[in-house]
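Thanks for asking me to look through this one with you. My notes follow as numbered points, so keep the viewer open and turn to each spot as you read.

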Amino acid sequence: MRLDKCLGQAGFGSRNQIKKLLRGRQVRIDGEIVTAINHIVDMDLQDIRVADKKVEGLASTYLLLNKPAGVVTAVSDQEHETVLDCLAAEDRATGLYPVGRLDRDTEGLVLLTNNGPLGFRLLHPQYHIDKTYYVEVNGPLEPDAPDFFARGVTFLDGTVCNPAHLEVLSSGVEKSCAEITISEGKFHQVKKMFLAYGVKVTYLRRIRFGEFHLGDLPVGAYRPLNTEELQILKRYFKKK
């Protein structure tokens, strides 16, 4: 949230009083003096102090969900269950939303937060966050497949994808398995890339988003981010 809203909720006075604190260089975030009233902060991820007094208040929520197939990556939908429907009522914090999206029939890792600015940063192209998917297709992935994806796939409509890393796990006449890592998120990108190669995706699961890993979290289950993962998020506050 914005620094002025954070300090206001924590009881440090009106907007004008908070401006005076900032002008007086009384506010520090992670040890550094901050004077911008619209600076984005998070009490889970940062040490915020006013005149050396630690600011306490309502922190943001961060969850990692293994989205089931059939569930839409949205906060509401008239026809289908959403990722918020996967949460217990007591965990549905105000303003919670999914960071990015997965197709309805795709399983896997989805981050949920009510920290809007951080969610925006995680999706911004300038941060080049890689995503890794486990993929099953209905045909062989020949020895040329890794090079095909590494060159950058071009769709029939002329859309060009960035180079992707493909690791073939197994290859057969009727079924092949692989892991693919991409750095962007075009509509149905992974499915279209394999179609361009000549096979159809029959199963898709996102197993990694940046430095966040799905691990052995069961389908439909979720958990709060651990301390190490919160430190990863903290770095995004420091990026410009």
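1. Let's begin with arginine 208, which sits in strand 11. Please keep in mind throughout that this is a predicted model. Is arginine 208 buried or exposed? Its relative accessible area is 18%, and because the limit for a buried residue is under 20%, arginine 208 counts as buried.

2. Now look at what surrounds that residue. Leaving out residues up to four places away in sequence, arginine 208 touches Leu109, Asp130, Lys131, Thr132, Thr181 and His213. Try comparing sequence and space here as well: arginine 208 and glycine 108 are 100 residues apart in sequence, yet their C-alpha atoms are 8.5 Å apart.

3. That pairing fits a count made over the protein. Among contacts with a separation of 6 or more, 64% join residues that are 24 or more positions apart. The secondary structure consists of 6 helices and 13 strands, and the C-alpha trace spans about 70 × 40 × 30 Å along its principal axes.

4. Next, please find helix 5, which covers residues 189-197. Which of its residues are buried? They are Gln189, Val190, Lys191, Met193, Phe194 and Tyr197. These buried residues pack against strand 8 (131-137), helix 4 (145-150), strand 9 (165-170), strand 10 (176-182) and strand 11 (201-209). So strand 11, the home of arginine 208, is also one of the packing partners of helix 5.

5. Alanine 196 also belongs to helix 5. With a relative accessible area of 34%, alanine 196 is partly exposed, because that class lies between the 20% and 50% limits. Setting aside neighbours within four places in sequence, alanine 196 is in contact with Phe148, Val153 and Thr154. For a pair that is not so close at hand, take alanine 196 and glutamate 167: they are 29 residues apart along the chain, and their C-alpha atoms are separated by 17 Å.

6. The contact between alanine 196 and Phe148 can be followed from the other end. Phenylalanine 148 is located in helix 4. Apart from neighbours within four places in sequence, its contacts are Val153, Met193, Ala196 and Tyr197. Phenylalanine 148 and alanine 196 are 48 residues apart in sequence, with 9.6 Å from C-alpha to C-alpha.

7. Backbone angles deserve a look too. Most residues other than glycine have a negative phi. Two residues here go the other way. Arginine 25, in the loop between helix 2 (15-23) and strand 1 (27-29), has a positive phi near 55 degrees. Aspartate 30, in the loop between strand 1 and strand 2 (32-33), has a positive phi near 50 degrees. Aspartate 30 is also partly exposed, at 27% relative accessibility. A glycine has a positive phi as well: glycine 198, which follows helix 5, has a value near 120 degrees.

8. Where is empty space left? Rolling a probe the size of a water molecule over the atoms shows this. The largest pocket holds about 480 Å³ of space. Its lining has 28 residues, and those nearest the centre are Lys131, Tyr133, Glu184, Gly185 and Lys186. Helix 3 (116-123), strand 8, helix 5 and strand 11 are the elements that give two or more residues to this lining. You have already met Lys131, which is touched by arginine 208.

9. There are also enclosed spaces: 2 cavities of 30 Å³ or more are counted. The largest cavity has a volume of about 60 Å³. Its lining is made by Tyr62, Leu63, Val99, Leu111, Leu112, Thr113, Leu118, Leu122, Leu225 and Leu233. Which elements supply at least two residues each? They are strand 5 (62-67), strand 7 (107-113) and helix 3. Strand 7 gives the largest share, with 3 residues.

10. To finish, here are some totals. Of the 240 residues, 43% are buried. The accessible surface is about 12,700 Å², and carbon and sulfur atoms account for 50% of that surface. The protein has 32 positive and 31 negative charges, and the mean positions of the two sets are 11 Å apart.

How values were computed: Residues are numbered from 1 along each chain as its sequence is written. This is a predicted model: local features need pLDDT of at least 70, side-chain atom pairs count only at pLDDT 80 or more; totals for chains, interfaces and linings use all residues. Side-chain values use heavy atoms; hydrogens and water are left out. Helices (H or I, at least four residues) and strands (E, at least two) are DSSP runs, numbered from the N terminus. Buried means under 20% relative accessible area, exposed over 50%, partly exposed in between (1.4 Å probe, protein chains only). Contact means heavy atoms within 4.5 Å. Accessible areas come from the Shrake-Rupley method with a 1.4 Å probe; for residues, only the protein chains shown count as cover. Lys and Arg count as positive and Asp and Glu as negative; His and the chain ends are not counted. The place of a charge is taken as NZ of Lys, CZ of Arg, CG of Asp or CD of Glu. On a 1 Å grid over the protein atoms alone, a cavity is a set of points where a 1.4 Å probe fits but cannot get out, and a pocket is an open set with protein on both sides within 12 Å along at least five of seven lines; lining residues have an atom within 4 Å of a point. Grid points are joined across faces, edges and corners, and a volume is the space filled by probe spheres set on the points.
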